[in-house]
Amino acid sequence: MAHYFEERPETASRPGSVTLVLPDLHLKLETDSGMFSPERVDQGTRILLETVPPPPAEGDLLDLGCGYGPIALTMASRAPGATVWAVDVNRRAVELCARNARAAALDKVRSVHVDEVPPEVRYATIWSNPAIRIGKAAMHEMLTRWLSRLTPDGTAYLVVQKHLGSDSLQRWLNEQGWPTARTASRSSYRILRVEARPGVGPAR
Ligand SMILES: C[S@@+](CC[C@H](N)C(=O)[O-])C[C@H]1O[C@@H](n2cnc3c(N)ncnc32)[C@H](O)[C@@H]1O
């Protein structure tokens with residue numbers, strides 16, 4: 001069965017587009033089959049973008065699991081002075097996110113495969129609609145890898161559906177040493193704010 005998180009989706013390309021309308025932003029984004037939510041901007045993604053505080057104006061920012069780029073492009077629009085890293089395992093999504101950023105003239109978006117990000121980069125914030133469906137162990141590994149790269153005063157915002165385990169994820173993050181609180185709750189979605197782990201360096 002095809003998954004949206006395959007590295008090279010075999011599903012035939014079926015180009016489409018969606019419109020992202022936020023109070024401060026109106027973007028038309030190209031989409032394609034073989035990636036997450038190509039028919040419309042995901043409701044969780046929209047709730048995240050409607051509830052997060054403004055991103056830091058400068059530095060390196062991260063959209064973990066960028067898909068075709070609604071989160072990365074919103075970050076870049078709201079923080080034009082920052083470098084926004086948009087990373088994904090799905091190469092079709094990475095390419096499309098890069099194309100969407102070019103079309104929106106957001107030239108500080110760096111859309112790259114997860115393994116092509118320079119490991120020394122540290123992020124002032126991370127915004128993510130994380131890929132829960134890859135399974136708990138893989139998701140924990142992914143979050144450990146990237147949350148460890150927050151700057152010491154950095155903060156991440158994650159949107160997670162309640163029925164996909166937002167409460168247990170919050171508990172797990174706190175147990176791992178990342179102070180995590182729920183900052184918003186809308187429909188079945190929860191927004192988790194995760195602070196950098198005090199005094200602990202990157203896992204790898
Ligand atoms: C729920 S989707 C969100 C996509 C996009 N940010 C949006 O809001 O439409 C999660 C994304 O994470 C990607 N992903 C899966 N495993 C990953 C990993 N290990 N590292 C980074 N991204 C991953 C998937 O390919 C997918 O694009």
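This report describes a predicted model, taking the annotated region, the strands, the core, the ligand shell and selected loop residues in turn.

## Annotated region

The model is predicted. An unreviewed UniProt entry carries the annotation "domain: Methyltransferase small" for residues 27-192. Over residues 27-192, helix accounts for 32% of the chain and strand for 30%. The C-alpha atoms at the two ends of this stretch are 25 Å apart.

## Strand pairing

β1 (16-22) and β2 (25-31) pair in the antiparallel sense, over seven bridges. A hairpin of two residues joins β1 to β2. Within this pairing, V21 stands opposite H26 in β2.

β3 (residues 60-64) pairs with β4 in the parallel sense, over five bridges. L64 stands opposite V87 in β4. β4 (83-88) is mostly covered, with five of its six residues buried.

## Core and helix α1

The largest nonpolar core has 54 residues, of which L48, L61, A72, A76, V84, C97 and I126 touch the most other members. β7 gives the largest share of this core, six residues. As a general tendency, nonpolar side chains in soluble globular proteins are buried together. Leaving aside residues up to four places away in sequence, V84 touches L61, D63, A72, M75, A76, K108, V109 and R110. Of these contacts, L61, A72 and A76 are also among the core residues that touch the most other members.

Helix α1 spans residues 43-51, and its buried residues include G44, T45, R46, I47, L48 and L49. The buried residues of α1 pack against α2 and against five strands: β1 (16-22), β6 (123-128), β7 (150-161), β8 (180-186) and β9 (189-195).

## Ligand shell

There are 23 residues around the ligand, and F5, T45, G65, G67 and A131 come nearest. T45 is also one of the buried residues of α1. By class, the shell divides into 15 nonpolar, six polar and two charged residues. α2 (70-78) and β4 (83-88) each supply at least two residues of the shell.

## Partly exposed loop residues

S37 is found in the loop between β2 and α1. S37 counts as partly exposed because it has 17 C-beta neighbours inside 10 Å, whereas a buried residue needs 20 or more. S37 and D167 are 130 residues apart in sequence, and their C-alpha atoms are 24 Å apart in space.

P179 lies in the loop between α5 (166-175) and β8. With 13 C-beta neighbours inside 10 Å, P179 also counts as partly exposed, since the limit for an exposed residue is 12 or fewer. P179 and V194 are 15 residues apart in sequence and 5.8 Å apart in space, C-alpha to C-alpha. Not counting residues up to four places away in sequence, P179 touches N174 and E195.

## Positive phi values

Most residues other than glycine have a negative phi. A105 has a phi near 60°, a positive value in a residue other than glycine. A105 is found in the loop between α3 (91-103) and β5 (109-113). It has 7 C-beta neighbours inside 10 Å and therefore counts as exposed.

S187 is not a glycine either, and its phi is positive at about 50°. S187 sits in the loop between β8 and β9. S187 is exposed because 10 other C-beta atoms lie within 10 Å, and 12 or fewer is the limit for that class.

Methods:
Residues are numbered from 1 along each chain as its sequence is written. This is a predicted model: local features need pLDDT of at least 70, side-chain atom pairs count only at pLDDT 80 or more; totals for chains, interfaces and linings use all residues. A residue is near a molecule or strand if its C-beta atom, placed from the backbone, lies within 6 Å of it. Helices (H or I, at least four residues) and strands (E, at least two) are DSSP runs, numbered from the N terminus. Ala, Val, Leu, Ile, Met, Phe, Trp, Tyr, Cys and Pro count as nonpolar, Asp, Glu, Lys and Arg as charged, and the others, Gly among them, as polar. Two residues are in contact if their C-beta atoms, placed from the backbone, lie within 7 Å. A nonpolar core is a set of buried Ala, Val, Leu, Ile, Met, Phe, Trp, Tyr and Cys residues joined through C-beta atoms within 7 Å. UniProt positions are given in the numbering used here, feature names are shortened, and annotations may be inferred rather than shown by experiment. Two strands pair if DSSP finds at least two bridges between them.
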